[in-house]
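User: Please take a close look at one part of this model, the packing between helices, and then set it beside the other local features that can be described.

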Amino acid sequence: VDAGIMELDIGEVDLGSLFADVAQMTKDRFAEGNIKLKVTTSLEASVFKADVQRLRQIIGNLLSNAANHAPEGSTVTLSSRRDGSDILITVHDDGPGIPKDVLASVFERFVAHANGGRRGGTGLGLSIVKGLVELHRGTVAINSKPGEGTSVICRFPSDPTHFQVAAE
């Protein structure tokens, strides 16, 4: 991604099917903490054009992070909705939240912050998410307050002309 040589394989993505696949892939991580996964897809945001393999990576990384930080017995939410012509994919957990001083560096490579998580990591998950979302000409935002959990919102343009530029 950083070298600019990754190309997207753009096709029609059914988010309902993709969410079900990724939920199945990550079910063991959720079972470790007795965490439930709630999945919602709005009808108007159920299908759009993107690279399904890259979306699988993005959502898988976000769900793994959420499962790592969500309190035992809680629920993590994976959802999609349309905002104008954009598609928003959001993962929310009720974990400890991210302190303000840590929030500034969460997208940096190899900067891992345990912050009460069950497992340590390499510090690559969110930087990979950001790179892959940006390759789709999208953006990533994090809403988090200590003690109130974290929401990661990935915004994807649904206009196919944006993807032609991203795949060049």
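Analyst: What follows describes one helix pair, then a buried strand residue, an aromatic pair and two loop residues. The model is predicted.

Two packed helices are described by the angle between their axes and the distance between the axes. For α1 and helix α2, which covers residues 52-69, the angle is about 35° and the axes are 9 Å apart. Their crossing is right-handed. On the α1 side, the contact is made by L18, F19, D21, V22, M25, T26, R29 and F30. The residues of α2 that meet them are V52, L55, R56, I59, G60, L63, S64, A67 and N68. By residue class, this contact of α1 with α2 divides into 10 nonpolar, four polar and three charged residues.

F19, one of the α1 residues in that contact, is also touched by S80. S80 belongs to strand β4, which spans residues 75-83. With a relative accessible area of 5%, S80 falls under the 20% limit and therefore counts as buried. Leaving aside residues up to four places away in sequence, S80 touches L15, T40, T41, S42, A45, L88 and I89 as well as F19.

Next is the aromatic pairing. A search of the whole structure finds one aromatic pair. Its members are F48 and F156, whose ring centres are 5.8 Å apart; the planes stand at 50°, so the pair is tilted. The 50° angle lies between the limits of 30 degrees for stacked and 60 for edge-to-face, which is why neither of those labels applies. F48 sits in strand β3 (residues 47-51) and F156 in strand β7 (residues 149-157), so the pair ties together parts that are 108 residues apart in sequence. Both F48 and F156 are buried.

Two loop residues remain, each with an unusual sign of phi for comment. N34 is not a glycine, although its phi is positive, at about 50°. The residue lies in the loop between α1 (15-32) and β2 (36-41). N34 has a relative accessibility of 53%, so it counts as exposed. R137 is another residue other than glycine with a positive phi, in this case near 65°. Its place is in the loop between α4 (125-135) and β6 (139-145). The relative accessible area of R137 is 42%, and the residue is therefore partly exposed.

Notes: Residues are numbered from 1 along each chain as its sequence is written. This is a predicted model: local features need pLDDT of at least 70, side-chain atom pairs count only at pLDDT 80 or more; totals for chains, interfaces and linings use all residues. Side-chain values use heavy atoms; hydrogens and water are left out. Rings of Phe, Tyr and Trp (its six-membered ring) pair if their centres lie within 6.5 Å; planes under 30 degrees apart count as stacked, over 60 as edge-to-face and the rest as tilted. Helices (H or I, at least four residues) and strands (E, at least two) are DSSP runs, numbered from the N terminus. Buried means under 20% relative accessible area, exposed over 50%, partly exposed in between (1.4 Å probe, protein chains only). Axes are lines fitted to C-alpha atoms, for helices over the stretch in contact, and angles run from 0 to 180 degrees between N-to-C directions. A crossing is left-handed if the near helix is turned anticlockwise from the far one by less than a right angle, and right-handed if clockwise. Contact means heavy atoms within 4.5 Å. Ala, Val, Leu, Ile, Met, Phe, Trp, Tyr, Cys and Pro count as nonpolar, Asp, Glu, Lys and Arg as charged, and the others, Gly among them, as polar.
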